[in-house]
Amino acid sequence: EDYAFDVMNRSALARAGWMRFYEYWGFPASDKGPLHCSNFIRNAAKETQELGVPIVASGSDFRIPGEKTKRQRIDYSLAMFLVARSTHSYFGFNHGGWAKWPR
């Protein structure tokens with residue numbers, strides 16, 4: 001990543017067209033969910049607010065690991081996005097049948 005940003009920051013064309021895509025935004029993939037999510041926020045905030053790279057965050061209502069019925073909520077994913085976003089950043093949320101299709 002550091003090398004890619006270094007190259008990108010030397011090119012006005014690359015800076016104008018670069019966006020970071022975060023798939024599974026805010027999804028606690030393991031029992032380390034809070035640490036995982038805080039890393040998402042810190043990394044995205046650094047990229048957007050310090051490096052000026054807009055992000056695209058794709059959240060979903062996947063089942064939370066270890067839970068039978070509990071699913072990721074849109075308000076949680078959206079709050080994470082709002083803390084980390086910058087100008088020209090985008091948020092999407094898939095739910096129901098769309099959350100089950102393979103990406």
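**Exercise 1. Work out how Lys46 and Glu50 are placed relative to each other in helix H3, and what their side chains do.**

Solution.
Step 1: Start with the spacing. Lys46 and Glu50 sit 4 residues apart in helix H3, so about one helical turn lies between them.
Step 2: Now look at the side chains in this predicted model. Those of Lys46 and Glu50 meet in a salt bridge, with N and O 3.1 Å apart. As a bit of background, oppositely charged side chains can pair when their charged atoms come close.
Step 3: Check how open the two residues are. Lys46 has 41% relative accessibility and counts as partly exposed, because that class runs between the 20% and 50% cut-offs. Glu50, with a relative accessible area of 58%, is exposed.

**Exercise 2. Find how many salt bridges the count gives, and say which parts the one with Arg20 ties together.**

Solution.
Step 1: The count comes to 2 salt bridges. You've already met the one between Lys46 and Glu50.
Step 2: Go to Arg20. Its salt-bridge partner is Glu47, and the closest N and O atoms are 2.8 Å apart.
Step 3: Place both residues. Arg20 belongs to strand E1 and Glu47 to helix H3 (residues 33-50), so this pair links parts that are 27 residues apart in sequence.
Step 4: Are they buried or exposed? Arg20 and Glu47 are both buried.

**Exercise 3. List the elements of the protein in order, then describe how the strands are arranged.**

Solution.
Step 1: Count the elements: there are 4 helices and 3 strands. Reading from the N terminus, they go α-α-β-α-β-α-β.
Step 2: Put the strands side by side. The 3 strands make an open sheet with parallel pairing, in the order E1-E2-E3.
Step 3: Look at the edges. E1 and E3 stand there with a single partner strand each, so each has one side without a neighbour in the sheet.
Step 4: Check the twist. On average, neighbouring strands of this sheet are turned by 15° against each other, direction ignored.
Step 5: Add a helix. H4 packs on the sheet and touches E2 and E3, and its direction makes about 165° with that of E3.

**Exercise 4. Trace the pairings of strand E2, and say how covered the strand is.**

Solution.
Step 1: Take the E1 side. Strand E1 (residues 20-23) pairs with E2 in the parallel sense over 4 bridges. Arg20, back again from the salt bridge with Glu47, stands opposite Ile55 in E2.
Step 2: Take the E3 side. Here 5 bridges join E2 to E3 (residues 90-94), and the two strands run parallel. For an example, look at Gly59: its bridge partner in E3 is Phe93.
Step 3: Follow the chain from E2 to E3. Together with helix H4 (residues 74-84), these strands make a right-handed β-α-β unit.
Step 4: Check the cover. E2 spans residues 55-60, and 5 of its 6 residues are buried.

**Exercise 5. Compare His88 and Ser89 in the loop between H4 and E3: which is buried, and what does Ser89 reach?**

Solution.
Step 1: Locate them. The loop between H4 and E3 holds His88 as well as Ser89.
Step 2: Read the accessibility. His88 is exposed, with a relative accessible area of 55%, whereas Ser89 is buried at 13%.
Step 3: Glance at the backbone of His88. Its phi is near 70°, a positive value in a residue other than glycine.
Step 4: Follow the side chain of Ser89. A polar atom of this side chain lies 3.0 Å from the backbone nitrogen of Ile55. The side chain of Ser89 also reaches the backbone oxygen of Ser86, at 3.2 Å.
Step 5: List what else is around. Not counting neighbours within four places in sequence, Ser89 is in contact with Thr48, Pro54, Ile55 and Phe81.

**Exercise 6. Step back and say what share of the protein is buried, and what share of its contacts join residues at least 24 apart.**

Solution.
Step 1: Of the 103 residues in the protein, 33% are buried.
Step 2: Keep to contacts between residues at least 6 apart in sequence. Among these, 68% join residues at least 24 apart.

Terms used:
Residues numbered from 1 in each chain as written. Predicted model: local features only at pLDDT ≥ 70, side-chain atom pairs only at ≥ 80, totals over all residues. Heavy atoms only, no water. Buried < 20%, exposed > 50% of the residue type's maximum accessible area, 1.4 Å probe, protein only. Pairing = 2+ DSSP bridges. Right-handed = clockwise from strand over helix to strand, strands pointing away. Polar contact = N/O pair within 3.5 Å; in protein donor to acceptor, adjacent residues only side chain to side chain. Contact = heavy atoms within 4.5 Å. Salt bridge = Lys/Arg side-chain N within 4 Å of Asp/Glu carboxyl O. Axes fitted to C-alpha atoms, helices over the stretch in contact; angles between N-to-C directions.
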